[in-house]
Amino acid sequence: MVGRSSLPDGALFLGLDSSTQSVKATVLSNELIIVASETVNFDSELPHYKTEGGVYRDPTDDGRIYSPTIMWVEALELLLEKLKPKINFSKVVAVSGSGQQHGSVYWKKGSQAVLSSLDPGKSLVSQLKDAFSTMDSPIWMDSSTTKQCREVENAVGGALELSKLTGSRAYERFTGPQIRKIYQTAPHIYENTERISLVSSFMASILVGCYASIDETDGAGMNLMDINKRTWSKAVLEATAPDLEQKLGNLAPACAAAGRISSYFVERHQFDKNCFVIQWSGDNPNSLAGLTLNTPGDLAISLGTSDTVFGITAEAKPSLEGHVFPNPVEPDGYMVMLCYKNGSLTREDVRNQCAEKSWDIFNNYLEKTPPLNGGRLGFYYKDHEILPPLPVGFHRYIVENFSDASSDNLKECEVQEFDPESEVRAIVEGQMLSMRGHAERFGMPNPPKRIIATGGASSNESILKLIAQIFGCPVFTVERPG
Ligand code: 5FX
């Protein structure tokens with residue numbers, strides 16, 4: 001591996017992030033200083049795919065949400081082109097990345113050969129466009145596999161049994177139920193699939209020029225891996241689809257090297273042939289690693305397209321809510337996580353409707369309304385929510401006798417609307433109260449010693465202040481590329 005003392009002068013580290021709405025690159029120096037960054041936004045920079053927020057919503061299949069696999073390939077190429085004038089790729093000693101969790105890619109039979117013989121004179125898109133048995137990658141926002149979830153749970157003895165085995169009960173967005181749906185509804189696609197990658201292992205595969213392993217941490221987001229043994233669970237594989245193990249390949253620890261960068265990138269982009277590709281992992285596990293979360297009393301909140309809450313724990317105690325994944329940096333430990341689908345896009349919706357599409361006005365409303373909003377509480381689901389699993393809808397309540405110290409006289413009544421100021425406070429408070437409630441139920445530290453906030457909205461000080469009010473602890477955030 002790359003020892004820090006043996007690093008060449010000017011060594012660089014390239015971190016990539018393949019997320020729902022964009023791909024991003026961050027380049028770090030040997031001293032861990034950010035020296036360059038770049039982004040490719042799918043909707044605005046690759047408009048020919050006609051995605052909205054990086055995804056397609058299928059009007060004929062309720063809850064089906066997917067992305068065009070090849071768009072991620074084109075975005076990677078464009079990202080490297082945009083980065084080229086800013087850094088010398090030959091100085092990059094290691095590259096790794098994050099992928100949106102759960103999303104999956106279906107490599108067609110024969111594609112390993114294509115991947116390992118890419119011609120550096122041609123684009124990746126032109127060579128990989130026919131490499132998939134389906135052009136559609138189901139992603140984490142999908143909620144169309146409830147039937148498959150119940151079937152897999154029932155086959156292994158129930159939801160709790162599945163959770164004890166894999167770290168989570170069956171969730172619609174998890175890759176196992178998604179694979180089962182493809183096997184059931186499009187058996188020819190399943191049959192013609194040589195390898196199934198996660199978004200993380202898919203991007204690593206392109207960089208190494210062969211199928212990269214799924215890492216154990218992102219692998220735990222599939223409802224397929226034995227959370228204690230960190231191997232595929234035979235019982236769950238059988239309950240999901242036939243001959244699945246060979247289509248998944250081996251698992252690898254999140255911190256292992258996937259291989260050296262392929263000759264395609266050496267010749268086309270002048271990377272050094274010794275540059276390591278380190279296993280990619282999921283965006284949330286990598287946030288945990290990047291935030292160097294190593295104290296059990298700390299909680300992290302990531303405010304992005306999805307909102308997530310996570311912490312670390314020594315033991316795996318999976319239950320009916322939330323997820324247990326292997327800790328990506330502590331080989332014997334675990335991370336625990338809650339995920340909400342209605343994150344930044346839902347906050348943006350309320351901003352657009354109530355705050356003239358301006359974050360300044362939104363923040364001003366947050367600052368001038370009191371904590372707990374004089375009893376005006378709301379729950380806003382622009383998309384089918386994961387936690388709690390509820391359909392699309394905005395729900396607003398006024399709690400009466402709110403100042404009364406006892407909870408006996410509290411009475412809530414549902415209302416159709418709030419004034420704009422209260423609406424703004426209600427959405428953010430509703431999100432944070434839900435996080436606090438579920439985090440407590442899941443056995444996460446209460447109150448946390450401190451919260452570390454990350455993700456796009458963590459640059460919003462008014463939101464950070466509100467998090468501190470709801471959780472009753474200090475809130476910190478991290479340096480972000482400008
Ligand atoms: C986690 O379980 C999720 O589904 C999301 O946070 C995705 O990882 C977003 F990319």
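**Buried, cis, apart: the reasons behind the words**

Reader: What makes His 102 count as buried?

Author: In this predicted model, the relative accessible area of His 102 is 3%, and because buried means under 20%, the residue falls within that class. His 102 is found in the loop between strand 6 (92-99) and strand 7 (104-108), and its phi is positive, at about 75°, although it is not a glycine.

Reader: Why is Leu 32 called exposed?

Author: Its relative accessibility is 53%, and exposed means over 50%, so Leu 32 passes that limit. Leu 32 lies in the loop between strand 2 and strand 3 (34-41), and, though a residue other than glycine, it has a positive phi near 65°.

Reader: Is Ser 29 buried or exposed, and how do you know?

Author: Ser 29 has a relative accessible area of 8%, which is under the 20% cut-off, and therefore it is buried. Its place is in strand 2 (residues 22-29), where, with residues up to four places away in sequence left out, Ser 29 touches Ala 11, Leu 12, Phe 13 and Val 35.

Reader: How do you know that the buried residues of helix 16 are on the same side of it?

Author: The residues in question, within helix 16 (residues 359-368), are Phe 362, Asn 363, Tyr 365 and Leu 366. Because they cover an arc of only 155° around the axis, they are placed on the same side of helix 16. The other side of helix 16 has Asp 360 and Lys 368, which are exposed.

Reader: What covers the buried residues of helix 16, and what is found at its start?

Author: The cover includes helix 15 (344-354), helix 17 (420-441) and helix 18 (461-471). At the start of helix 16, a side-chain oxygen of Ser 358 comes to within 3.2 Å of the backbone nitrogen of Asp 360, and since a polar contact is set at within 3.5 Å, this pair satisfies the distance limit.

Reader: Why is Ser 462 called buried, and which residues does it touch?

Author: The relative accessible area of Ser 462 is 11%, which is under 20%, so the residue counts as buried. Ser 462 has its place in helix 18, and, not counting residues up to four places away in sequence, it touches Asn 363, Leu 366 and Glu 367. At the start of helix 18, a side-chain oxygen of Asn 460 reaches to within 2.9 Å of the backbone nitrogen of Ser 462.

Reader: What do the buried residues of helix 18 pack against?

Author: Those residues are Ser 462, Ile 463, Leu 464, Leu 466, Ile 467, Ile 470 and Phe 471, and among the elements they pack against are helix 15, helix 16, helix 17 and strand 17 (298-303). Helix 18 is followed by Gly 472, whose phi is positive, near 70°.

Reader: Which residues have the most contacts inside the largest nonpolar core, and how do you know where that core lies with respect to the domains?

Author: The largest nonpolar core has 79 residues, and those with the most contacts inside it are Ile 179, Leu 224, Trp 232, Leu 248, Ile 467 and Phe 471. Because domain 1 (12-285) and domain 2 (344-477) both give residues to this core, it lies between them. Apart from it lies another core, of 55 residues, among them Ala 25, Leu 80, Ile 87 and Met 141.

Reader: How many residues does each domain give to the contact between domain 1 and domain 2?

Author: Six residues come from domain 1 and four residues from domain 2, while the C-alpha centres of the two domains lie 32 Å apart.

Reader: How do you know that Cys 275 is in no disulfide?

Author: A search of the whole structure finds zero disulfides. For Cys 275, the nearest cysteine sulfur, that of Cys 210, is 14 Å away, whereas a disulfide is a pair of cysteine sulfur atoms within 2.5 Å, and therefore Cys 275 is in none. For Cys 354, which is likewise in no disulfide, the nearest cysteine sulfur is that of Cys 413, 19 Å away.

Reader: Are Cys 275 and Cys 354 buried or exposed?

Author: Cys 275, at 1% relative accessibility, counts as buried, and Cys 354, at 15%, counts as buried too, because the cut-off is under 20%.

Reader: Which peptide bond leading to Pro 388 is called cis, and where does Pro 388 lie?

Author: The bond from Leu 387 to Pro 388 is cis, with omega near -10°, and Pro 388 lies in the loop between strand 21 (376-381) and strand 22 (393-400). The bond from Asn 446 to Pro 447 is cis with omega near -10°, and Pro 447 is found in the loop between helix 17 and strand 24.

How values were computed
Residues are numbered from 1 along each chain as its sequence is written. This is a predicted model: local features need pLDDT of at least 70, side-chain atom pairs count only at pLDDT 80 or more; totals for chains, interfaces and linings use all residues. Side-chain values use heavy atoms; hydrogens and water are left out. Buried means under 20% relative accessible area, exposed over 50%, partly exposed in between (1.4 Å probe, protein chains only). Helices (H or I, at least four residues) and strands (E, at least two) are DSSP runs, numbered from the N terminus. The arc is that of the directions from the helix axis to the C-beta atoms. Contact means heavy atoms within 4.5 Å. A polar contact is a pair of N or O atoms within 3.5 Å; within protein, one must be able to donate a hydrogen and the other to accept it, and residues adjacent in sequence count only if both atoms are side-chain atoms. A nonpolar core is a set of buried Ala, Val, Leu, Ile, Met, Phe, Trp, Tyr and Cys residues joined through side-chain atoms within 4.5 Å. Domain bounds come from an automatic or database domain assignment.
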